[in-house]
Every structure is written in C-alpha cells, then in structure tokens.
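Visitor: I have a structure open here and would like to talk it through with you. Could we start with the empty spaces and then move on to the sheets?

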Amino acid sequence: MTQTHDLTLGDITVTIRSDGTFELPRAYFPNLPESDPSPETIQIGANLWEVKSGERHVLVDTGAGQALKQMFPETGAALEGIDAASVTDVILTHMHADHIGGLLGDDPFPNAKIHVSQAEWDFWSSPALIETAPEEMHPMIQLVQSITVPLSERLVLHEGEVDLGDGIILLPLPGHTPGHMGIRLEDGGDSLTLIGDAVIAQDIQFTTPQVSYLLDVAPEAAVATRVALLEQLAESGELFAATHLSFPGVGRVRRAGDGFAYDPA
C-alpha cells in the first residue's frame, strides 16, 4: 500500500506519495571525498506530489511506474488509488525514467495536460540525441522517448518562470537535466517549494553541495543551481520538498559550517 503524507497550504492540499526507494552505489557521486563516511551503497527515497487547488487535480511527476521494476523492484507504486481520469495536469520536473514511468500504458491520465520545460523536451526528444550520447545512455534515451514521444500532442511546453494559476508556479532549476524545474505552491501566506532532483542524497549534498551525481547532464550547472537554491531556502526558512529525500521528504534547510543542514518537518 502506498505511503502518503498530507499537507495544506491555504486552500491547496498536497499529498506526498512514496514511490519506494533506490539503492545507489557510492560511485554514483563521483567527486565525493574519500574521507566522507557514506557507505558503499546509499539509499535514497522516491517521492511525488498530488496537488488539489481550485478545479485542478495535479500530479507533479508520475514515479517509475513499471519502467524500472526489473532493476528496482521496490519502486513504482505511488499512483495506486489515484483516479487517473480526474487528473487535469501532469507537471514533469524532468524526463528521467523514475519521474515519467507512470506515463507508460494506453492513454494514461486521458484528460490531463502534460507540462514540461521547452529545454527538457528539446533535449530528450531530439532524434540526434542517441547518435551523440555515450552508448551506456542509449537504453535510458530509448525508454524516455518511447514514453514521451507518443504523448507529444498533449504537451504544454514552458520557458522560464511560469505562473500556471491556482497558486502553482514553475521555476527553472537547470543542471541535473537541461530543463529541470521546480514548482512553488503558495496560498494564504503558506508556501512549499518542490525542488525535484536538485538534491539527490540528503546525507551528502546538504553538507557538501558541491558533490555531483552521475546522472547530472551538466554537473557544474547542477552544483550552481543547488548552492543558490539552498542559500535561498536557508535565508527564507521556507518549507520545501524533494523527490529523493527519505519519505515524506519535506522540511527546511539552514546554514551549517561551510554547507547546510536539513531539518525534516
């Protein structure tokens, strides 16, 4: 049964849904200092968000679905119990398989617009991508394109910061992927910023935000985005949530020494 955690922001309701966990080799963080005490296998969470605001029923990401079951059998259950036909909008923070796998199948979320950044769509949908990418990336590219290209007629593409209305604002957070974005939810003076994969490993990238992740398309840009975002969140003290923090993956960040610290809510 899917783990869930509910929040309210004014008249907005947010249900955080767990999609399981991933076990990653330490080597997935290639510039992690040898002195770092992290184990050889690092567990990360997998969360997505169901948002109801006004007449909107929104999913922020769709989880892994069946796309990664063979490699990560503990993932893919976050959408259990959701009335797919009632979903009005699907917002994709980015197009990695663990975020779009729930779009697999015949006519998923048949009444929903699918929102993604223009830069993200251009990168992953390009026929030339598989010709220029390293061979080890080919299976992932083929999977992403097999899921998303058939849905192209239902896409709404965005550039920059975009206010979708109903207290939902799209925020560019590039680096992890070219068009990676976050979502700010706000109503009645309450807010929550969903930062997607701007932070992957909570025990590493708060204290040492300069540590990269193997799947970052542009590692230097990902680090710059992460540092700027954490500085902003520490300054404001606002609530935020991230995909790969331990469930429910929501809390606040503060400055700690040369880095930051995460305080789960």
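Visitor: How many cavities of 30 Å³ or more does a search of the whole structure find?
Guide: Bearing in mind that this is a predicted model, a search of the whole structure finds two cavities of 30 Å³ or more. The largest cavity has a volume of about 60 Å³, while the second largest holds about 40 Å³ of space.

Visitor: And which residues line the largest cavity?
Guide: The residues lining the largest cavity are Asp19, Ala46, Asn47, Leu48, Asp61, Gly63, Asp98, His99, Thr243 and His244. Strand E3 (41–53) and H1 are the elements that each give two or more residues to this lining, and E3, with three residues, has the largest share. Sorted by class, the lining of the largest cavity has two nonpolar, five polar and three charged residues.

Visitor: What about the lining of the second largest cavity?
Guide: The second largest cavity is lined by Leu173, Pro174, Gly175, His176, His180, Asp197, Ala198, Ala222, Thr225 and Arg226, a set that divides into four nonpolar, four polar and two charged residues.

Visitor: Okay, on to pockets: how much space lies in the largest pocket?
Guide: The largest pocket contains about 830 Å³ of space. Its lining consists of 31 residues, and those nearest the centre of the pocket are Tyr28, His96, Glu136, Met140 and Leu215.

Visitor: Which elements supply at least two residues of that lining?
Guide: Strand E2 (12–25), helix H1 (97–100), helix H2 (118–125) and helix H4 (138–148) each do so, with H4 giving the largest share, three residues. By class, the lining of the largest pocket comprises 22 nonpolar, four polar and five charged residues.

Visitor: Switching to sheets, what is the strand order in the one that contains E1?
Guide: That is an open sheet of seven strands in the order E1-E2-E3-E4-E5-E6-E7, and its pairing is mixed. Strand E1 (4–9) and strand E7 (155–158) are at the edges with a single partner strand each, so one side of each has no neighbour in the sheet. From one strand to the next, the twist averages 25 degrees.

Visitor: In which sense do E4 and E5 pair?
Guide: Strand E4 (residues 56–60) and strand E5 (residues 89–91) pair in the parallel sense over three bridges, and Val58 has Asp89 in E5 as its bridge partner. Also on this sheet, H2 packs against it, touching strand E6 (113–117) and E7, and the direction of H2 makes about 90 degrees with that of E6.

Visitor: And the sheet with E8 in it, what order does that have?
Guide: The order there is E8-E9-E10-E11-E12-E13-E14, in an open sheet of seven strands with mixed pairing. Strand E8 (162–165) and strand E14 (259–264) stand at its edges, and each has a single partner strand, so one side of each is without a neighbour in the sheet.

Visitor: How do E8 and E9 pair?
Guide: E8 and E9 pair in the antiparallel sense over three bridges, with Val162 opposite Leu170 in E9. The two strands form a hairpin with two residues between them, and Asp166 in the turn has a positive phi of about 60 degrees.

Visitor: Why is E9 described as largely enclosed?
Guide: Four of the five residues of strand E9 (residues 168–172) are buried, so E9 is largely enclosed by the rest of the structure. E9 is also joined by five bridges to strand E10 (residues 181–187), the two running antiparallel.

Visitor: Which helix lies across E12, E13 and E14?
Guide: Helix H5 (residues 219–236) does, running at about 95 degrees to E13.

Key
Residues numbered from 1 in each chain as written. Predicted model: local features only at pLDDT ≥ 70, side-chain atom pairs only at ≥ 80, totals over all residues. Heavy atoms only, no water. Pairing = 2+ DSSP bridges. Contact = heavy atoms within 4.5 Å. Axes fitted to C-alpha atoms, helices over the stretch in contact; angles between N-to-C directions. 1 Å grid on protein atoms, 1.4 Å probe; cavity = no way out; pocket = protein on both sides within 12 Å on 5 of 7 lines; lining within 4 Å. Points joined across faces, edges and corners; volume = space filled by probe spheres on them. Nonpolar A, V, L, I, M, F, W, Y, C, P; charged D, E, K, R; others polar. Buried < 20%, exposed > 50% of the residue type's maximum accessible area, 1.4 Å probe, protein only.
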